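Trainee: Could you take me through a single part of this model at close range? I would like to look at the sheet and what packs around it.

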Protein chains: 2
Amino acid sequence: MGDAVISSEHTRKLWIGDSEAKIVLLVIDGLGGLPHPDTGKSELETATLPNLDRLAATGSSGSISPLGPGFTPGSGPAHLALFGYDPWENEIGRGALSALGLGMGFASGDVAARLNFCTVDGEGRVTDRRAGRIPTAKCRELCSILEAVSIPDVTLTIAPEMDYRAAVVFRGQNLSDAVTDSDPQVTGVRPRPLEARTTSAQATVDVANSFLLQASQLLATQSPANMVLIRGFGGYPTLPRMQDVYGLKALAIAGYPMYRGVARVVGMEIVETSSELASEFRALQANWDKFDFFYVHVKKTDSAGEDGDFEGKTRLLEDVDAFVGQILGLAPEVLVVTGDHSTPSIMKSHSWHPVPLLISSPWVNPVSAQRGFSEKQCATGDLGQIPSTAVMALALAHARRLSKFGA
Amino acid sequence: MGDAVISSEHTRKLWIGDSEAKIVLLVIDGLGGLPHPDTGKSELETATLPNLDRLAATGSSGSISPLGPGFTPGSGPAHLALFGYDPWENEIGRGALSALGLGMGFASGDVAARLNFCTVDGEGRVTDRRAGRIPTAKCRELCSILEAVSIPDVTLTIAPEMDYRAAVVFRGQNLSDAVTDSDPQVTGVRPRPLEARTTSAQATVDVANSFLLQASQLLATQSPANMVLIRGFGGYPTLPRMQDVYGLKALAIAGYPMYRGVARVVGMEIVETSSELASEFRALQANWDKFDFFYVHVKKTDSAGEDGDFEGKTRLLEDVDAFVGQILGLAPEVLVVTGDHSTPSIMKSHSWHPVPLLISSPWVNPVSAQRGFSEKQCATGDLGQIPSTAVMALALAHARRLSKFGA
């Protein structure tokens with residue numbers, strides 16, 4: 001209750017069908033940062049952000065937490081929370097997200113998993129969990145090789161994702177996603193043996209083991225990627241669609257497959273785009289009249305944070321600021337700017353820190369015209385510190401798309 | 001989650017029976033506003049409020065949200081939340097609130113509904129949903145006419161409310177409140193046919209249809225109110241009483257019937273008063289020694305907000321400020337000043353925005369002596385941004401009426 005309200009739980013009966021107000025939800029992946037030890041300033045505080053600073057001065061601001069204080073989310077739960085679904089109650093295997101994002105024809109009853117091409121030594125010990133980050137073209141070639149894998153009564157689909165990442169979908173009878181990962185998370189050790197989390201999942205462990213054995217044989221002569229790690233087993237997720245809970249015709253504009261996947265899970269339509277901002281903006285412009293909600297995803301800020309590239313992330317934020325200027329040119333009734341989670345460059349990883357949130361709309365009460373867009377200033381904004389799951393209700397409210405509850 | 005505590009869930013075992021500290025909960029209906037486009041100042045920021053500003057500087061302040069971020073409440077849920085009951089879990093039909101407020105002898109097993117006198121044309125199409133807002137005296141006369149309605153095995157009670165509004169209570173066997181409204185919400189169309197939301201509610205649909213048919217015949221020659229719309233079917237709500245969960249002998253001082261209704265639902269006693277502040281203050285003074293909790297309701301601020309009367313709401317806030325001075329003269333141990341929800345004049349409607357909260361007591365830690373009473377300043381007050389359902393526990397705590405939980 002109160003601050004714990006999850007948007008998708010209460011909007012279904014309240015949405016106003018005939019509103020035409022357009023909403024843009026701009027998700028800057030890994031947005032939140034921490035101060036650089038040399039300057040005491042975060043990436044946001046270091047960047048020059050004329051558009052975002054102006055929105056912070058004239059719009060509503062606050063901080064959002066994807067999972068509650070102290071918990072660091074992966075991209076899947078962080079996005080589900082932003083879309084207004086309880087991330088703790090709706091755990092989706094990463095493999096399922098990839099399969100959905102890659103458009104692999106994933107369906108109910110199937111089990112998907114993520115594959116990471118890796119390097120193993122003569123003893124089978126993992127020496128590089130990412131096989132030197134092989135390019136996507138190489139990944140595609142290796143996936144073709146794996147198509148030779150054959151398992152009785154099971155149909156396999158394998159698809160390359162980005163760099164060393166791929167996905168596999170198993171189709172057969174009585175498959176289960178209650179299977180642990182083989183990725184040991186560290187180098188110098190063998191992959192972990194798969195384990196069934198429930199007794200009925202043993203058949204799926206056998207299927208996956210057969211796949212891994214054949215893969216090791218098929219890839220043995222390759223270099224540097226001579227093995228795969230398997231992780232993130234997931235069945236086909238069933239969540240209420242945004243159309244049904246929010247009354248929104250929603251489009252996802254996201255260059256990376258996994259984000260398209262999570263958008264598809266909640267019923268969004270998907271448009272082809274690269275992860276370049278120019279490509280994403282063209283997609284937004286071209287579809288402006290056809291939808292009323294646009295989820296726009298910026299990926300590279302997170303990657304820079306994960307690489308510990310403070311300067312790179314700062315520069316990318318400046319690119320995003322110009323992108324925000326372009327979006328404002330389309331005059332959405334509501335523009336929400338936030339991130340899925342924080343990825344402070346000094347931590348080189350996702351973190352639990354709250355994420356800045358901005359809402360631009362005529363129906364706001366900004367705290368002060370002196371405000372800029374930063375972690376610190378958003379933390380004391382007029383919206384307070386709220387869960388990510390509340391963002392969709394706020395977006396709908398500012399678009400005047402929700403009726404009141406009760407008389 | 002931390003902030004999600006609902007007062008009535010945890011206080012029952014903690015209240016201290018022998019405290020005599022008096023609490024006043026002053027609810028300024030529709031209190032929160034938004035900046036006027038010409039001045040950038042809200043109604044509260046425009047008004048001159050010496051008493052409230054002094055309390056803001058010396059008391060605790062914060063912002064409350066009735067339903068969580070983004071959700072706009074009706075008056076019923078907003079008040080239930082303030083009284084410490086989960087507004088999402090305890091939905092009360094508007095008809096039930098009216099019946100309770102009007103003192104109609106409403107009891108368990110009965111079903112109540114709201115009646116709006118309206119105007120229909122020769123084809124039965126609604127041309128004015130409020131029949132030109134007929135005066136209350138006319139409403140009373142039309143209710144007397146409706147007393148001629150007769151339905152086998154059902155007893156009817158009809159009572160006028162304000163203007164074109166009235167209420168009906170059906171008493172009989174196996175009645176249900178799972179019935180939809182006839183109010184079409186727009187003009188130019190016929191009233192909607194009533195529908196049963198559950199199969200067992202069909203008998204009640206038949207009873208209500210019989211009532212509507214007879215009403216149309218009895219009112220046919222009247223003008224402009226020649227028909228009624230029926231809405232907000234509600235059974236008798238059963239909620240724990242404030243006396244039992246908070247250990248409070250509670251009195252409601254509210255001029256408008258619906259607010260007396262919601263107070264009665266939670267077990268408060270009701271005193272006769274008009275909605276004039278002078279009348280309410282006399283009621284407060286006269287009952288000061290007999291109760292230890294006083295819910296005092298100010299209605300007109302909300303009406304001014306709904307009318308888009310920025311100046312009027314501002315002036316009314318100044319009247320309330322003087323009223324606060326009078327209340328302080330009675331020296332309550334705890335004075336809580338807040339609203340049920342926001343009604344920004346520029347929106348002419350209830351809204352989702354958080355509502356300012358003040359607590360005057362010796363046990364506070366105010367943020368700054370420079371503070372005044374406004375949306376912005378309360379948003380960054382020492383109490384933070386909390387759900388409305390937390391207010392009662394805070395009020396009890398400041399009155400030293402709650403023992404500690406656990407040893």
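Mentor: Here is a walk through the sheet of chain A, its helices and the core.

This is a predicted model, in which local features need pLDDT of at least 70 and side-chain atom pairs count only at pLDDT 80 or more, while totals for chains, interfaces and linings use all residues. Residues are numbered from 1 along each chain as its sequence is written, and chains are lettered from A and ligands numbered from 1 in the order in which they are written.

In chain A, 8 strands make an open sheet of mixed pairing, ordered 9-8-10-1-11-12-2-13. Strands (E, at least two residues) and helices (H or I, at least four) are DSSP runs numbered from the N terminus, and two strands pair if DSSP finds at least two bridges between them. Strand 9 (269-270) and strand 13 (384-387) of chain A are the edges; each has a single partner strand, so one side of each lacks a neighbour in the sheet.

Further in, strand 11 (residues 334-338) and strand 12 (residues 355-360) of chain A run antiparallel over 3 bridges, and Val336(A) has Ile359(A) as its bridge partner in strand 12 of chain A. Helix 12 (residues 310-329) of chain A packs on the sheet, touching strand 1 (23-28), strand 10 (293-298) and strand 11 of chain A. The direction of helix 12 makes about 175° with that of strand 1 of chain A, where angles run from 0 to 180 degrees between N-to-C directions and axes are lines fitted to C-alpha atoms, for helices over the stretch in contact.

Leu26(A), leaving aside neighbours within four places in sequence, is in contact (C-beta atoms, placed from the backbone, within 7 Å) with residues including Val324(A), Ile327(A) and Val336(A).

Definitions and conventions. Contact = placed C-beta atoms within 7 Å.
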